Amino acid sequence: MPPPDDGRSLRDRLEELIEAGYLDLPILPAVAAEVVALTSDDECDIRKLAEIVRRDQAMAGHMLRMANSATHRAIVQVASLQQAMSRLGMKLVRQFAFVISCQNRVFRVQGREEQLRKLFAHSLATALYAQEIARMRRSNVEESFLAGLLHDVGRPVLLQSVMDLTTTTPFSEEEIDDAVSVLHAYVGGEMSRQWGLSGRLGEAIAHHHNPAAAPSNREGALTVRLADDLAHRLDGETSVDIEMHPAVAALNLYPQDVERLLGIAEKISAQVEEMR
Amino acid sequence: MSASKWDMIVVGSGPAGQKAAICAAKVGKRVLVVEQEMSVGGACVHRGTVPSKTLRETALALTSFRRRSGHVIDIDLPESVQVASLLSRMDEVVVAHERFIEDQLTRNGIERWRGKARFRSPTEVEVQAVHRDVRHAEAPLIVIATGSRPRSPAGIPIDHEHILDSDSVLSMRYLPKSLVVLGGGVIASEYASIFAALGVKVTMIDRAERPLAFLDPEISMRFVEAFERIGGVFMGSTVAGEVAYDGLCTVVTTLKDGNVLESEKVLCALGRVANVEDLHLASAGLAVNDAGVVPVDDTCATVVPGIYAVGDVIGPPSLASTAMEQGRRAICHALGMPAGNVGDFTPLGIYTIPEISQVGLTENQAKLRYGNAIIGRARFDELTRGQIAGTKDGLLKLVSDPAGRKIVGVHIVGEGAAELVHTGQMAMLGGLEVDVFVENTFNFPTLAEGYRVAALEIVGKRARGAGDREPAIVASTRRRCA
């Protein structure tokens with residue numbers, strides 16, 4: 001329950017919600033409907049379901065939360081979706097997906113759904129780029145994908161909270177953008193901690209805008225930083241020169257590597273489009 | 001752009017490059033080392049020898065603990081134990097090793113450039129940095145030490161996620177429930193036994209009838225027995241047809257005989273290829289041979305005067321120890337310094353569980369060379385130290401000439417083999433006879449006593465005039481592994 005309006009700024013009020021743990025990751029209505037339809041069918045296409053869980057940040061986040069939850073303590077700290085699916089078995093994955101779709105909050109705010117859909121698409125593009133960077137660097141592909149997928153998970157969480165607060169107080173677009181931009185990385189890190197994800201993953205998410213601050217997983221944060229900008233480039237939302245990107249030198253990517261990353265833009269766009 | 005002038009340029013800073021650079025710097029040469037990675041050390045430090053041995057130490061500690069406690073106390077790794085936490089010491093070890101190499105290079109006044117080098121002529125290289133900056137360097141002596149990388153065989157879709165190679169296998173963040181290892185060489189055998197010791201269900205498949213086919217068959221058979229005792233399965237004379245991820249959580253390996261293996265991950269360890277693509281060898285007048293490596297003579301000199309190649313880039317044995325020696329010998333030859341005798345006395349250390357090491361000739365090789373050989377054996381479980389340590393897998397095999405005097409080979413499988421072999425190596429280098437192990441005292445209880453036990457057997461056979469005339473052992477592991 002949001003605290004009452006007392007004239008404080010949106011950011012202050014969001015910080016208070018974060019402090020109190022009033023954070024909820026909403027699910028896209030279309031995804032929830034698709035998962036319910038899929039899992040209700042006895043002939044459920046398990047590969048399709050696994051693909052949705054893998055590629056949708058909310059489904060992925062909730063699945064990991066459930067896999068790491070107290071009820072399933074036998075599989076402490078699941079590090080990746082593949083690991084979760086392997087340990088849980090597909091029967092349980094199917095049940096969990098159904099529960100997630102039915103019990104979690106569905107994001108329904110007039111005029112904001114498109115913004116959220118874009119956000120989810122951007123997260124998937126970031127995940128796909130992050131896994132390619134990891135492949136080049138021979139670092140962990142599953143972890144990098146997940147860090148990319150969840151790097152902005154704080155944004156839908158905060159937007160949902162903003163919408164809840166907006167019912168009592170209207171906020172300007174500028175105020176909303178500012179608060180979400182400033183707080184989302186921290187909230188993402190907090191969510192991953194609450195879900196019992198690995199500290200490395202939490203660091204990559206929490207420090208993706210400032211990799212130098214990541215205490216032990218700077219490479220993970222740098223990977224997400226670069227993947228994030230590559231994904232923004234797909235949407236034409238950044239003019240960053242990828243070749244001169246600070247993460248490029250820090251990750252020891254040579255011009256040939258950067259060319260390969262730039263060369264897979266179409267493939268990644270197509271993969272993102274498939275999931276829409 | 002004018003090129004900066006050096007006495008010597010070394011391309012690559014792995015064990016071979018480092019040693020070459022330091023040797024030249026120590027005699028006052030101005031040396032430039034070009035390294036494309038962020039830090040020095042090469043694959044040995046970052047993706048190979050050092051990290052895998054760190055994981056091995058953990059696996060070894062677990063197996064040793066189980067064994068020494070007589071299995072009264074058993075440790076099964078909880079599922080939650082992640083590879084990362086098992087490798088917790090890895091970063092420290094790697095950083096310490098890296099710093100040691102850095103210090104050594106700095107102390108010797110060796111300049112280091114980070115970038116990819118390619119030849120522009122036999123005496124000049126162009127170095128491209130990450131941000132496209134290009135520099136040129138020139139020297140009358142250039143050493144190629146660019147190392148190797150895992151081979152990616154056609155038809156095996158290595159994605160570094162489900163199907164890994166030896167460069168990406170240590171990036172795993174959790175222990176898979178099951179692992180199929182493709183290959184039967186050193187890297188395949190090392191990882192297969194390490195993961196099996198950590199409780200992973202490992203199946204190793206190889207085209208050859210037995211793994212580590214170049215070893216004395218008795219030694220590799222012992223390895224297979226030990227591997228299977230900790231839960232591993234070796235399938236010899238088996239070839240993987242298709243390897244594919246099923247999109248959920250299983251990799252399906254379809255064998256050529258139609259059988260199917262399912263595992264959570266697959267490790268492809270089917271050889272290595274030399275890193276030569278970026279070098280533009282043709283600009284220096286060089287080319288790789290049919291095996292894809294840079295051909296060199298005994299001194300590591302290539303066909304182009306002034307250009308040497310050392311380490312994995314010239315092909316097997318692809319060992320850090322040999323690479324270092326090649327680096328040293330190349331510089332000695334290039335600078336007209338004596339390099340010492342080259343003999344058959346380079347030891348081979350394989351960090352499987354149990355450890356394997358050898359120096360000199362195998363029993364079969366000795367019989368081919370001398371017409372016959374006398375063999376002495378010491379099983380670790382017959383040695384007091386072996387009993388105390390609960391070591392069942394150990395065997396020390398001493399090979400002598402048919403007269404039972406000259407030591408021509410030492411082969412050891414068992415804990416501490418890589419250290420233990422040096423006693424035999426020194427005896428061989430010193431030209432000592434088998435009797436030296438009988439007539440002198442070893443600490444008690446030690447595994448080194450195995451030398452005395454094996455030597456006594458040779459001396460006994462010698463006295464009876466009995467050489468090992470039975471045909472050399474040809475191991476067959478097929479029956480066991482079927």
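**A parallel sheet in chain B and the fold of chain A**

In chain B, helix α6 (residues 186–197) lies across β11, β12 and β17 (265–268), running at about 160 degrees to β12(B). The model described here is predicted, and the arrangement around this helix can be followed strand by strand.

Strand β11 (residues 178–182) of chain B is joined to strand β12 (residues 201–205) of chain B by 5 bridges, the two strands running parallel, and within this pair Leu182(B) stands opposite Ile205(B). Both strands belong to an open sheet of 5 strands in chain B, with parallel pairing and the order β10-β17-β11-β12-β13. The edges of the sheet are formed by β10 (163–165) and β13 (233–235) of chain B, each of which pairs on one side only, and neighbouring strands are turned against each other by 20 degrees on average, direction ignored.

Chain A, by comparison, was examined as a whole: 15 helices and 0 strands are assigned to chain A, and its C-alpha trace spans about 55 × 50 × 35 Å along the principal axes. The radius of gyration of chain A is 18 Å, which agrees with a compact globule, because a globule of 276 residues would have a value near 19 Å. Of the 276 residues in chain A, 49% are buried, and among contacts between residues at least 6 apart in the sequence of this chain, 66% join residues at least 24 apart.

Where the two chains meet, 23 residues of chain B are in contact with 27 residues of chain A. The side contributed by chain B has 10 charged, 7 polar and 6 nonpolar residues.

Technical notes:
Residues numbered from 1 in each chain as written. Chains lettered and ligands numbered in written order. Predicted model: local features only at pLDDT ≥ 70, side-chain atom pairs only at ≥ 80, totals over all residues. Contact = placed C-beta atoms within 7 Å. Nonpolar A, V, L, I, M, F, W, Y, C, P; charged D, E, K, R; others polar. Helix = DSSP H or I, 4+ residues; strand = E, 2+ residues; numbered from the N terminus. Rg over C-alpha atoms; globule rule 2.2 N^0.38 Å. Buried ≥ 20, exposed ≤ 12 C-beta atoms within 10 Å, placed from the backbone. Pairing = 2+ DSSP bridges. Axes fitted to C-alpha atoms, helices over the stretch in contact; angles between N-to-C directions.
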